[in-house]
Amino acid sequence: MRLVFSGQVIEWRGPAPYYFVPVPDQESEDIREVAAMATYGWGVIPVEARIGEVVFGTSLFPKDGGYLLPLKNAVRKPQGIAAGDDVTVELTVQLK
């Protein structure tokens with residue numbers, strides 16, 4: 001399953017800051033339809049994502065009926081991405 005969407009980068013401050021892009025409602029609904037074929041536990045969904053020229057593997061985190069795409073420093077820093085920035089994400093859900 002391949003999706004393209006835009007979203008605003010958010011920051012979660014815990015013991016260390018983490019950055020995420022919330023997956024929009026419609027795309028989250030599409031992902032939920034295939035979640036059982038993709039998850040490897042705890043509701044996380046393995047994906048390959050692209051933002052700009054950077055392609056990376058990660059897992060979507062379930063949150064309030066939707067999903068969050070975590071952004072590693074290796075993805076954010078080379079592109080100057082910060083909290084509040086709008087980014088376009090190309091996302092491929094890795095089905096089992």
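Start by selecting strand E1, residues 2–8. Its covered face holds Leu3, Phe5 and Gly7, and its uncovered face holds Arg2, Val4, Ser6 and Gln8. Strands and helices here are DSSP runs numbered from the N terminus, with at least two residues (E) for a strand and at least four (H or I) for a helix. Before going on, know that this is a predicted model: local features need pLDDT of at least 70, side-chain atom pairs count only at pLDDT 80 or more, and totals for chains, interfaces and linings use all residues. Numbering runs from 1 along each chain as its sequence is written, and side-chain values use heavy atoms, with hydrogens and water left out.

Now add strand E7, residues 86–93. E1 and E7 run antiparallel and are joined by 7 bridges; two strands pair if DSSP finds at least two bridges between them. Look for Phe5 opposite Val89, and for Gly7 with its bridge partner Val87. Which side chains of E7 are buried? Val87, Val89, Leu91 and Val93 point to one face and are buried, whereas Asp86, Thr88, Glu90 and Thr92 point to the other and are not. (Buried means under 20% relative accessible area, exposed over 50%, and partly exposed in between, with a 1.4 Å probe and protein chains only.)

Next, bring in strand E4, residues 45–51. E4 pairs with E7 in the antiparallel sense over 4 bridges, and Val47 faces Val93 there.

Time to show the whole sheet. It is open, with 7 strands in the order E1-E7-E4-E5-E6-E3-E2 and antiparallel pairing. E1 and strand E2 (10–13) are the edge strands, each pairing on one side only. On average, neighbouring strands are turned by 40° against each other, direction ignored. Then select helix H1, residues 25–38, which packs on the sheet and touches E1, E4, E5, E6 and E7. Its direction makes about 85° with that of E6. (Contact means heavy atoms within 4.5 Å; axes are lines fitted to C-alpha atoms, for helices over the stretch in contact, and angles run from 0 to 180 degrees between N-to-C directions.)

What fills the core? Select Ile31, Ile45, Leu60, Leu69, Leu71, Val89 and Leu91: of the 25 residues in the largest nonpolar core, these touch the most other members. E1, strand E3 (17–22), H1, E4, E5, E6 and E7 each supply at least two residues of it. (A nonpolar core is a set of buried Ala, Val, Leu, Ile, Met, Phe, Trp, Tyr and Cys residues joined through side-chain atoms within 4.5 Å.)

Zoom in on Leu71. Setting aside neighbours within four places in sequence, its contacts include Tyr19, Ile51, Phe56 and Arg76. Stay with Arg76: its charged end sits over the ring of Tyr19, 3.6 Å from the ring's centre. (That takes CZ of Arg or NZ of Lys within 6 Å of the ring centre and within 35 degrees of the ring normal.)

For the next stop, select Trp12 and Tyr18. Their ring centres are 5.8 Å apart and their planes at 35°, so the pair is tilted. Trp12 is partly exposed at 46% relative accessibility, and Tyr18 is partly exposed at 44%. (Rings of Phe, Tyr and Trp, the last by its six-membered ring, pair with centres within 6.5 Å; planes under 30 degrees apart are stacked, over 60 edge-to-face, the rest tilted.)

Finish at the loop between E5 and E6, where you'll find Asp64. Most residues other than glycine have a negative phi. Asp64 has a positive phi of about 50° although it is not a glycine, and it is exposed, with a relative accessible area of 73%.
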